[in-house]
Amino acid sequence: MKLTILGGGGFRVPLVYGALLGDHAEGRVTHVVLHDLDAGRLSAVTRVLAEQAAGVPDAPEVSATTDLDEALTGADFVFSAIRVGGLEGRANDEKVALDEGVLGQETVGAGGIAYGLRTVPVAEDIARRVARVAPDAWVINFTNPAGLVTEAMSRHLGDRVIGICDSPVGLGRRIARVLGANPGEAWIDYVGLNHLGWVRGLRVNGRDELPRLLADPDLLGSFEEGKLFGTDWLQSLGAIPNEYLHYYYFNREAVRAYSQAEKTRGAFLRDQQAGFYDEMKRPDAAALTAWDRTRAEREATYMAEARETAGAGERDADDLSGGYEKVALALMRAIARDERTTLILNVRNRGTLSVLDTEAVIEVPCLVDAGGAHPVTVDPLPDHASGLVCSVKAVEREVLAAAESGSRSTAVKAFALHPLVDSVNVARRLVDGYTAVHPGLAYLK
Ligand code: G6P
Ligand code: MN
């Protein structure tokens, strides 16, 4: 089986390859093709993979190319993990927003819109290319903002594109752990959009254990989301929000912390990763050791500002590894081998959330089998959550419309309608600021 990874020179590719190395079953991936626009990054990552594979007899063969059609031809699965504009682009997304006093996070608020505006046209090109060159391939989208990008690609690939994120899995795992339940046996009632969802229940043997957690302040305060949101707020909500909702519920504090930080997340990662890729240019560098050191530092500093604002302290050791590669592998196995499983994925709504139309990509538990991912029926969201989901989906739709038409005023509308952008004037200046720094937005006229 052939797996093609777009953004194959990306830093997290060794996580995926590491997961593949642990799969020895029949029908496993035997050939990995890395595609990237940058040959230097491809050779750096290829070196890490070669060291990972040392001593593993059935390690998947790896090849690398900068030719997209060549990479896609014959692919059974395509992982799309690209970053249009690189980490310099991410740092600029943050900076332009912060200069206007609004949040520039890569997936939430103004930063997510800017990143979406330059990623959607590229993702749609890829989707068209897959539809032509590898029409039977399944596409697993990791590219952020993952919900929006998956929806853009679904316009060309229908349900053959599935978006993934590790944050709902991590959240479910933490809640199960704190309740003393086995995460593998728990049914997690979660729904929303990517980075905008809520756990409303966690059932073990048919019994909902979440009320027990919500009723116990000590237990609630003992894990990541309790520390991040505060026990009172979780009790008021009667649900546990995805950690990215911190940027909504504590927006003012998040913007302040981001503005005061020595470096934004994007700037930190840009410099950290530049160091890694530079080191890989030295022929004697220990590739896997250098990669692992860089990875550990990245994971330890994840959402550091948010945790600092909330006084949440260091991350728990158990929470360090997100595990998105595990979600990807589980999804691929379920489809390729028809091994039925349930995963929280980004798929088209169909009729799941009645407040959204059928084409809207949402994040929801899905039954997965050889026929793809099928969203399960869930209870409706409470009004406050529906309200947020509907406004953010409306913003995503404006981003898609702006990408299609190239209309600058539609881009302004996308920013202006976002609940975390508080003035149409700010939205206008954001479009000016972003188009000035991002060559990828030159299409907006
Ligand atoms: C979480 C999110 C991902 C994000 C990742 C890395 O796992 O769900 O969407 O890409 O964190 O975040 P970082 O700030 O390290 O790039
Ligand atoms: Mn994510």
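This section describes three helix pairs and several individual residues in a predicted model.

Two packed helices are described by the angle between their axes and the distance between the axes. In the amino-terminal pair considered here, the axes of helix 1 (residues 13-21) and helix 2 (residues 39-53) come within 10 Å and cross at roughly 25°, an angle that makes helix 1 roughly parallel to helix 2, since angles under 35 degrees count as roughly parallel. The crossing of these two helices is right-handed. On the side of helix 1 the contact is formed by Val-13, Pro-14, Tyr-17, Gly-18 and Leu-21, and on the side of helix 2 by Val-45, Val-48, Leu-49, Gln-52 and Ala-53. Sorted by class, the residues of this contact comprise 8 nonpolar and 2 polar residues, with no charged residues.

The pairing of helix 4 (residues 86-99) with helix 20 (residues 424-437) brings their axes within 10 Å at a crossing angle of roughly 150°, and helix 4 is therefore roughly antiparallel to helix 20, the class assigned to angles over 145 degrees. This crossing, too, is right-handed. Asn-92, Asp-93, Val-96 and Ala-97 of helix 4 meet Leu-430, Gly-433, Tyr-434 and Val-437 of helix 20, and the contact is made up of 5 nonpolar, 2 polar and 1 charged residues.

For helix 18 (residues 383-405) and helix 19 (residues 408-417), the axes come within 8 Å and cross at roughly 165°, so that the two helices are roughly antiparallel to each other. The crossing of helix 18 and helix 19 is left-handed. Helix 18 contributes Val-395, Glu-398, Val-399, Ala-401, Ala-402 and Ser-405 to the contact, while helix 19 contributes Thr-410, Ala-411, Lys-413, Ala-414 and Leu-417; these residues divide into 7 nonpolar, 2 polar and 2 charged. Within this contact, Thr-410 of helix 19 has a relative accessible area of 16% and is therefore buried, the limit for that class being under 20%. When neighbours within four places in sequence are left aside, Thr-410 is in contact with Glu-398, Ala-401, Ala-402 and Ser-405, and its side chain is joined to that of Ser-407 by a polar contact of 2.8 Å.

A second threonine, Thr-294, is located in helix 15 (residues 287-300) and is buried, with a relative accessible area of 6%. A polar atom of the Thr-294 side chain lies 2.6 Å from the backbone oxygen of Ala-290, and, with neighbours within four places in sequence again left aside, Thr-294 is in contact with Phe-11, Gln-272 and Phe-276.

Backbone geometry in the loops was also examined. Asn-144 and Pro-145 are joined by a cis peptide bond with omega of about -10°, and Pro-145 is placed in the loop between strand 5 (138-141) and helix 6 (146-157). His-195, although not a glycine, has a positive phi of about 60°; this residue is found in the loop between strand 7 (187-193) and strand 8 (196-204), where His-195 is buried at a relative accessible area of 5%. A positive phi, near 55°, is likewise found for Met-303, a residue other than glycine, which lies in the loop between helix 15 and helix 16 (304-309). With a relative accessibility of 7%, Met-303 counts as buried.

Conventions. Residues are numbered from 1 along each chain as its sequence is written. Chains are lettered from A and ligands numbered from 1 in the order in which they are written. This is a predicted model: local features need pLDDT of at least 70, side-chain atom pairs count only at pLDDT 80 or more; totals for chains, interfaces and linings use all residues. Side-chain values use heavy atoms; hydrogens and water are left out. Axes are lines fitted to C-alpha atoms, for helices over the stretch in contact, and angles run from 0 to 180 degrees between N-to-C directions. Helices (H or I, at least four residues) and strands (E, at least two) are DSSP runs, numbered from the N terminus. Angles under 35 degrees count as roughly parallel, over 145 as roughly antiparallel, 65 to 115 as roughly perpendicular and the rest as oblique. A crossing is left-handed if the near helix is turned anticlockwise from the far one by less than a right angle, and right-handed if clockwise. Contact means heavy atoms within 4.5 Å. Ala, Val, Leu, Ile, Met, Phe, Trp, Tyr, Cys and Pro count as nonpolar, Asp, Glu, Lys and Arg as charged, and the others, Gly among them, as polar. Buried means under 20% relative accessible area, exposed over 50%, partly exposed in between (1.4 Å probe, protein chains only). A polar contact is a pair of N or O atoms within 3.5 Å; within protein, one must be able to donate a hydrogen and the other to accept it, and residues adjacent in sequence count only if both atoms are side-chain atoms.
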